[in-house]
Amino acid sequence: MFLASVRNYFSLTGRRLIARRLSSSRIGTSFRLFLLAVSCHSQPLSGTTLRVSANNRTLIEAHRRLMTDSGSERGRRYLGQEEAREFDNSLFNDYKFSIDQLMEVAGLCVAQAVVRSYPASEVGVASPRVLVVCGPGNNGGDGLVAARHLLFMGYDPEIYYPKRTPKDIYKILVAQCEKLNVRFLTELPSAPDIDRDYHVIVDAIFGFSFKGAVRSPFDTVLATLVQCSTPIASVDVPSGWDVENGDPNGTGLKPDTLVSLTAPKTCSQLFTGRHHYLGLRMVPRELASQYKLDLPPYPGTDQIVRL
Amino acid sequence: MEVAGLCVAQAVVRSYPASEVGVASPRVLVVCGPGNNGGDGLVAARHLLFMGYDPEIYYPKRTPKDIYKILVAQCEKLNVRFLTELPSAPDIDRDYHVIVDAIFGFSFKGAVRSPFDTVLATLVQCSTPIASVDVPSGWDVENGDPNGTGLKPDTLVSLTAPKTCSQLFTGRHHYLGLRMVPRELASQYKLDLPPYPGTDQIVRL
């Protein structure tokens, strides 16, 4: 009842009023989202011209995606946590992909997305310095591969990999980086030092399997990264975010770039950074149909596509 | 092998774009040999599928190693057809837009053993353009094809660094792929490798 009456109130004129109010910096983020949610509930924004600040444009975009996708007839485009796990298992069990194959292509995609988002010409140095922070699981493995490909693409990666699960696949990836003289940091620098020394941070800490509390040392790692002004590129899921609900308290990482792998996860709808790429285009058509994924086409031979 | 096969697929798509071939999904015959060159071909077939092409594989002699078995399984699960015999040259020309030659690589030496002698004899008669992986199959890796009786590929995808015989390549498209060459190693071998553009995994030579 309340929403219906509110909906009626928020006519076109009403929405223009909201736009002006939204532009006011005195309104908190959560209230802005509320206003948006209410105003957009029944009618898509596409028929409305709203002049809003760039800041609010990102909120509107995020919300537009939510509204379009939840009721879309084109099919869902996001994987929830359990679905992501099943999807992954299907790639291994049904389609016989090996973990190292997928990890190699995933890491390549991450490296390509970083280079596209932060080209050397824009960064202003020949070899942009990248701090790759790797977690204990496969997300970390993707990071190790990405570091290597960044090196081959002329960038200057350094790796912080504090908690190493003793699996062969990770050991070999570490060895490859060591043989290529990629530096492994013994401790994470402070946020000011990171900002001074690096041009990009790759967040390869936690992926779609992440659940529950952040265990040491990653609690302090995330606390440091949150203070950095250096742009962060997250692998598949911004670390520390709930894979479905995102970062409701707004206290987690705010990545500038997100590289979704195979299919975007639910929380990526709440991503408000500048660059969202989809990578790992090796999704069998049958599997995409089964999960009603309406994946965008990849241009030509590209392994990543901008979303 | 995964990155090598990806590079081969990219080179094929770049050399023979669907728009120029004139069909939505160009049909590619991937002929795979018994070794790693064949493995590169199996990977390339899969990536060609993901890039919207229509690959079919002829893989007559399968070395029983896990790596090849898993690549075959992946293609099978993706419903990529494995031919039981190589069609005649006229039939290949009728049914395919591109041939990927993934028979022999840089390890090739000596005489061509069955069944690849007849395979090469058939491919030589095809007018369908051939894209060779690293070394045109049947060529001497250093001296090429002095008698001029071997494959004449239209595209060559050199991997890591071009092999000596690639200097004798006269086709239209020569790509270098597998850009994962450590700087030290390139220096050690005095390789003057060209820069790769941006994030590309292949570069035209």
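Begin with the residues that line the largest cavity of this predicted model, a lining that by class holds no nonpolar residues, six polar ones and four charged ones.

To bring that lining up in the viewer, select Gln112(A), Arg116(A), Thr301(A), Asp302(A) and Gln303(A) from one chain, and then add Gln10(B), Arg14(B), Thr199(B), Asp200(B) and Gln201(B) from the other. Colouring by secondary structure is useful here, since helix H6 (99-117) of chain A and helix H1 (2-15) of chain B each supply at least two residues of this lining. The space enclosed comes to about 60 Å³, and the count of cavities of 30 Å³ or more is two.

Next, widen the selection to the whole contact between the chains, which takes 26 residues from chain A and 25 residues from chain B. The area buried between chain A and chain B is about 2200 Å², with carbon and sulfur atoms giving 62% of that area. On the chain A side, pick out Lys96(A), Phe152(A) and Thr301(A), which supply 26% of the area that chain A buries against chain B, more than any other three residues; Thr301(A) has already appeared in the lining of the largest cavity.

Which helices of chain A should be shown at this point, as each supplying at least two residues of the side that touches chain B? They are H6 and helix H8 (138-152), and H6(A) gives the most, with seven residues. Taken by class, this side of chain A has 11 nonpolar, eight polar and seven charged residues.

Finally, turn to the pairings across the interface of chain A and chain B, where there are zero salt bridges but nine residue pairs in polar contact, both residues at pLDDT 80 or more.

Conventions
Residues numbered from 1 in each chain as written. Chains lettered and ligands numbered in written order. Predicted model: local features only at pLDDT ≥ 70, side-chain atom pairs only at ≥ 80, totals over all residues. Heavy atoms only, no water. 1 Å grid on protein atoms, 1.4 Å probe; cavity = no way out; pocket = protein on both sides within 12 Å on 5 of 7 lines; lining within 4 Å. Points joined across faces, edges and corners; volume = space filled by probe spheres on them. Helix = DSSP H or I, 4+ residues; strand = E, 2+ residues; numbered from the N terminus. Nonpolar A, V, L, I, M, F, W, Y, C, P; charged D, E, K, R; others polar. Contact = heavy atoms within 4.5 Å. Buried area = accessible area lost by both parts, 1.4 Å probe. Salt bridge = Lys/Arg side-chain N within 4 Å of Asp/Glu carboxyl O. Polar contact = N/O pair within 3.5 Å; in protein donor to acceptor, adjacent residues only side chain to side chain.
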